[in-house]
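Hi,

Here is the structure I promised to pass on. Have a look at it first, and then read my notes underneath.

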Amino acid sequence: MTQTYNTEIPLPEDFEVPDHVPPELVRDYDFLKTFEPNALAEPFSKTARVFEDEDIPPVFFAPGLTIWRGRGSWIATRFQDIKWVYTDSEVWSNVGAAGFQATVGETWPMIPLGIDPPEHRKYRNFLDPWFSPKAVDRMEPRMRAVANELIDAFADAGKCDFSLDFGRVFPVRIFLELMGFPLSRFDDFLDWEYSILHSNRDPAKVKYGAGNAIRYIREFIEETRAAARDDLASYIVTGSIDGKPLTDDEVIGMIFFLWVGGLDTVAASLSLIFRRLAMDPRMQRRLRKERSLIPNAVEEFLRTQPLVNSSRWAKKDTELRGVKIRKGDYMVCLNTAGNFDPAEFSCPREIQLDRKPIRHFTLAGGPHRCMGSHLARRELRVALEEWFARVPPFAMQPDADLSVYPGLIAAPSLPLVWDRPGSAVA
């Protein structure tokens, strides 16, 4: 028996600038352009203009901005405003978020991402034990073993393509083992996921990725029902909430959500972190010398690498900075700006390994804060610690293309070089 959810989209598919939007707050802005490739050391600097250009209000309306749930949106650029949108679930809704499944005619939501509090909380309570700090502690020895197994393959060669040989593989292997997905489908998963998230929303490509992934996951669920294992997918398939077994829609809504979220973020973060360290020998030397800074450095790297901007829609009429927001309006939280708000951070574009306190929205915020945030942080920390223990000071290959996408694609290729064992250390 399936369960139905309210996933109705509150905006028409096509519309002009709403009458309640003052003309002086309308700007021709598409945040997707900020994710175009560049070769800058600080690749997210394209949003600096929202603080420097007096003609750009802190909150403005972009009628041409296309998001998954409609056309046209308000954009919040300041840290405190973004914090309010993320945390006030009485005003702001996430229903319909990341509706990739809808492109192939599915009506179930991504769970718990696409469900609002208070119902959202029961699903978080069900899944959180698998992502708690204690659970991550238990996973750490395996993380270190996988990291060293990968490093073994190239440590003595004096070079590698970090993104292909380590960054893309390390977190995905940890995730596949956590879920119980077979490693043999690694390439298929990345192909489908890339089509969903990195096709510039080409409907045919998204349908291809989502359709194949959902078909596979349905088969995987049935195999798991027949022979449950000791993994997260089995826990979901055989699970219950408040004494009631999960419905078919709840099971696939959770597993598809975790599948989409588990293949990209840490891999992208790793490639950007190691790119920056390769380009900045002084920063690399300090972090090697002061290993105790690594946990704090991970947070600062995350702050300066906001991979995703998230949106919400208004459940009721409200105001932000005196701007009237109507029920049904969308708000894009421009994390690529808010994480660099000069009102919150001194020298916001500078990476300060010992910066305190560090606040950011790279892993979102409020009730929908990234479920895997503890896992992601630990994977980044372990990767840095094990790499520094095994690999000498490294740099970009001299003829390497420095181009990088300031988002989830990040650095698809990152050729690094270092002195081989027995040679002089640079």
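Below is what I found, going through one strand, one helix and one arginine.

Keep in mind that this is a predicted model.

Let's start with strand β7, which covers residues 310–314. All five of its five residues are buried, so to speak of an open face here would be wrong: S310, R312 and A314 sit on one side, S311 and W313 on the other, and both sides are covered. As a rule, side chains in a regular strand alternate between the two faces of the sheet.

β7 also has partners. Strand β3 (residues 92–93) runs antiparallel to β7 and is joined to it by two bridges, with S93 opposite W313. Strand β10 (residues 330–333) pairs with β7 as well, again antiparallel, over four bridges. There, S311 of β7 faces V332 of β10.

Next, helix α2, residues 79–87. Its buried residues include F79, D81, I82, V85 and Y86. These five are on the same side of α2, because they cover an arc of only 165 degrees around the axis.

Last, take a look at R355, which is found in the loop between α14 (335–338) and α15 (373–390). Is R355 buried or exposed? Its relative accessibility is 6%, and the cut-off for buried is under 20%, so R355 counts as buried. A polar atom of the R355 side chain lies 3.2 Å from the backbone oxygen of C347. Beyond its neighbours within four places in sequence, R355 is in contact with N296, E300, R303, F345, S346, C347, P348 and E350.

Cheers

Key:
Residues numbered from 1 in each chain as written. Predicted model: local features only at pLDDT ≥ 70, side-chain atom pairs only at ≥ 80, totals over all residues. Heavy atoms only, no water. Buried < 20%, exposed > 50% of the residue type's maximum accessible area, 1.4 Å probe, protein only. Pairing = 2+ DSSP bridges. Arc of directions from axis to C-beta. Polar contact = N/O pair within 3.5 Å; in protein donor to acceptor, adjacent residues only side chain to side chain. Contact = heavy atoms within 4.5 Å.
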